[in-house]
Amino acid sequence: MADIVSDGKSGKVVIKNIGLLLSGNIDHPILDADTIVVHDGFIQSIGKFSELDTSNAKTVIDVHQTCVAPGLIDSHVHPVFGDWTPRQNQLGWIESTMHGGITTMISAGEVHLPGRPKDIVGVKALAITAQRSFDNFRPNGVKVLAGAPIIEKGMVESDFKELSEAGVKLLGEVGLGSVKAGYEAREMVLWARKYGIQSTIHTGGPSIPGSGLIDKDVILEADADVIGHINGGHTSLPEKDVCELCEKSSRAIEIVHNGNEKVAIAAAQAALQLKCLHRVILGTDGPAGSGVQPLGILRLIAFISSMASIPAELVFCFATGNTATIRQLNVGFVEVGRSADLVFMDRAQHTSGKTLLESIQLGDIPGVGMVMIDGIVRCGRSRNTPPATQVPEVLTH
Ligand SMILES: [Zn+2]
C-alpha cells in the first residue's frame, strides 16, 4: 500500500483491470471500459487499456477485476465545524464516513452548532463562516459543501444577494427556522434561486423538540429545489402524501437513511412508476439523533435495491450522478473532465451474491477496497465496511 498523500496534485494515475465500471449516469449506468487515466485530479480518458496512453504514470492501480464507481455523495448532512459533531460529541465522523465510500457531502444546515444564532446578522455570519471553513478544511480529502443558512422571518431580498456574493450556495432545510408557512418560504426560496442559492425543504414531522411539521401543501407551495428527506427525518408524512409529492412536484426526491424506511421504499417505487428515477437522490441526514452513519449511503443503496427491486447499478446513480446533476457539481460521474473521485468496491466476503451487483440486490452492502479523491488514494481497504473479497493494489507510486 502506497503512502496516502493528503495534498498536492495526483500527477498521472492509471487505474487498470477494472472488472465493472459504474458511470453514475442513470441512462447508461455501466461503461464498457477497463481503464481510467487521471491527470492532476481529473479524469482524462476512459477506455480499453490497449487503446489508451498509459505510459509514464506516477501511480498505477491494478483493480484486480473489481468494481470502480464514482465517489458517493451524501446529499444531506448536518456538519458544524471541523471533523466534530456536537450532536453526539463525536470526533472524526467525516473521515470515518469516507471509509463508507463518501467523497462529497452537502450540508442541509449547520443546525447543531451550540448556541446557533437566529438573528439575521448572526444567521448570515454563521453561513459565511461555515462555507469558508469547509472550503479550507477537507477531512482526508472529503469535499464538504457547507454554509447553509436556516432562513428566519424578517430576511429580505438583499440578505440573499449578500449571502450569494459572499459565496453561499445553499440554504439549510427550510422549515427548521421561524419560516414555516408556505407563502413565506416560497418568497425566500425564489430570492435564493434568483441569486444562485439552492434550497432544500424539511419534510414531515418535527425532527427534534423545538422543530415543527412541514406538510405536503407547504412543500408544494414553497417549491424548494430539493424535497429534503421525503421519507421524514424521522417522522414521515402519510405515504399517500409522499407519493403525491413525487407526482405533483418536479423537484428532487431526497430519500434519507435516518427516515421512515417503509416510506423510503414507497417513494422509490413511486419514482419508478412515474419514470422519474433521475430525480431521486440519497442522504443520511446525519449526524442526528440516530448518530453518525459511516455506511449510511451504502446501506441505503442496498436497502432500496433489495426492497424496492431496483437494479443496483441504477441505485448507485441516485447517490452519484443524479445528485451531481441536481447539485451542479463536477463530481459523481465517471466521465472525462470530472474530478477523479472514485470508490473501489467488491462483493463482501461470504455474501451469497455471486457478483457485486447481485450481492447488493440481495440486501448485502459491498466491501470498499479503496477510496480516491482528486486522483489521490485516501484509504485502502475500508475499516468500516465488511471486507471486500478482492482489493485494488497500488503497483507504482
Ligand atoms: Zn430535516
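Domain bounds here come from an automatic or database domain assignment. With those bounds, the protein is divided into domain 1 (12-69 + 332-396) and domain 2 (72-294). This is a predicted model: local features need pLDDT of at least 70, side-chain atom pairs count only at pLDDT 80 or more, and totals for chains, interfaces and linings use all residues. Residues are numbered from 1 along each chain as its sequence is written.

**Stop 1: the two domains**

Colour domain 1 and domain 2 separately. Their centres, taken over C-alpha atoms, are 29 Å apart. Now select the contact between them. Two residues are in contact if their C-beta atoms, placed from the backbone, lie within 7 Å. On that basis, 15 residues of domain 1 meet 15 residues of domain 2. On the domain 1 side, β18 (367-373) and β19 (376-379) each supply at least two residues. Helices (H or I, at least four residues) and strands (E, at least two) are DSSP runs, numbered from the N terminus. Colour that side of domain 1 by class: seven residues are nonpolar, four polar and four charged. Ala, Val, Leu, Ile, Met, Phe, Trp, Tyr, Cys and Pro count as nonpolar, Asp, Glu, Lys and Arg as charged, and the others, Gly among them, as polar.

**Stop 2: strands β1, β4, β6 and β20**

Select β1, residues 12-16. Four of its five residues are buried. A residue is buried if 20 or more other C-beta atoms lie within 10 Å of its own, exposed if 12 or fewer, and partly exposed in between, with C-beta atoms placed from the backbone. Add β4 (residues 35-39), which runs antiparallel to β1 and is joined to it by four bridges. Two strands pair if DSSP finds at least two bridges between them. Look for V13, which stands opposite V38 in β4.

Next, add β6 (residues 59-62). β1 and β6 pair in the parallel sense, over four bridges. K16 has D62 of β6 as its bridge partner. Show the side chains of β6. Which of them are buried? T59 and I61 are, and they point to one face; V60 and D62 point to the other and are not buried. In general, side chains in a regular strand alternate between the two faces of the sheet. Then bring in β20 (residues 393-396). It pairs with β6 in the antiparallel sense over three bridges. V60 has T396 as its bridge partner in β20.

**Stop 3: T351**

Select T351, in the loop between β17 (342-346) and α11 (356-361). Why does T351 count as buried? Because 21 other C-beta atoms lie within 10 Å. Leaving out residues up to four places away in sequence, T351 touches S359 and D364. Now measure across to S199, 152 residues apart from T351 along the chain: the C-alpha atoms are separated by 40 Å.

**Stop 4: the three-stranded sheet**

Show β8, β11 and β12. These three strands form an open sheet in the order β8-β11-β12, with parallel pairing. β8 (72-77) and β12 (143-145) are the edge strands, each pairing on one side only. From one strand to the next, the twist averages 20°. Angles run from 0 to 180 degrees between N-to-C directions, and axes are lines fitted to C-alpha atoms, for helices over the stretch in contact. Zoom in on β11 (residues 102-107): three bridges link it to β12 in the parallel sense. There I106 stands opposite L145 in β12.

**Stop 5: the four-stranded sheet**

Move to β13, β14, β15 and β16. They form an open sheet in that order, β13-β14-β15-β16, and the pairing is parallel. β13 (200-201) and β16 (280-283) stand at the edges with a single partner strand each, so one side of each has no neighbour in the sheet. β13 pairs with β14 (residues 226-227) over two bridges, in the parallel sense. Find I201 opposite I227 in β14.

**Stop 6: helices α6 and α7**

Add α7, which lies across β15 (252-256) and β16, running at about 150° to β15. Then show α6. Helix α6 (residues 239-248) and helix α7 (residues 261-273) pack at an angle of about 30°, with axes 9 Å apart. Select the contact residues: E239, V242, C243 and C246 of α6, with V263, A266, A267, A270 and A271 of α7. By class, this contact has eight nonpolar, no polar and one charged residues.
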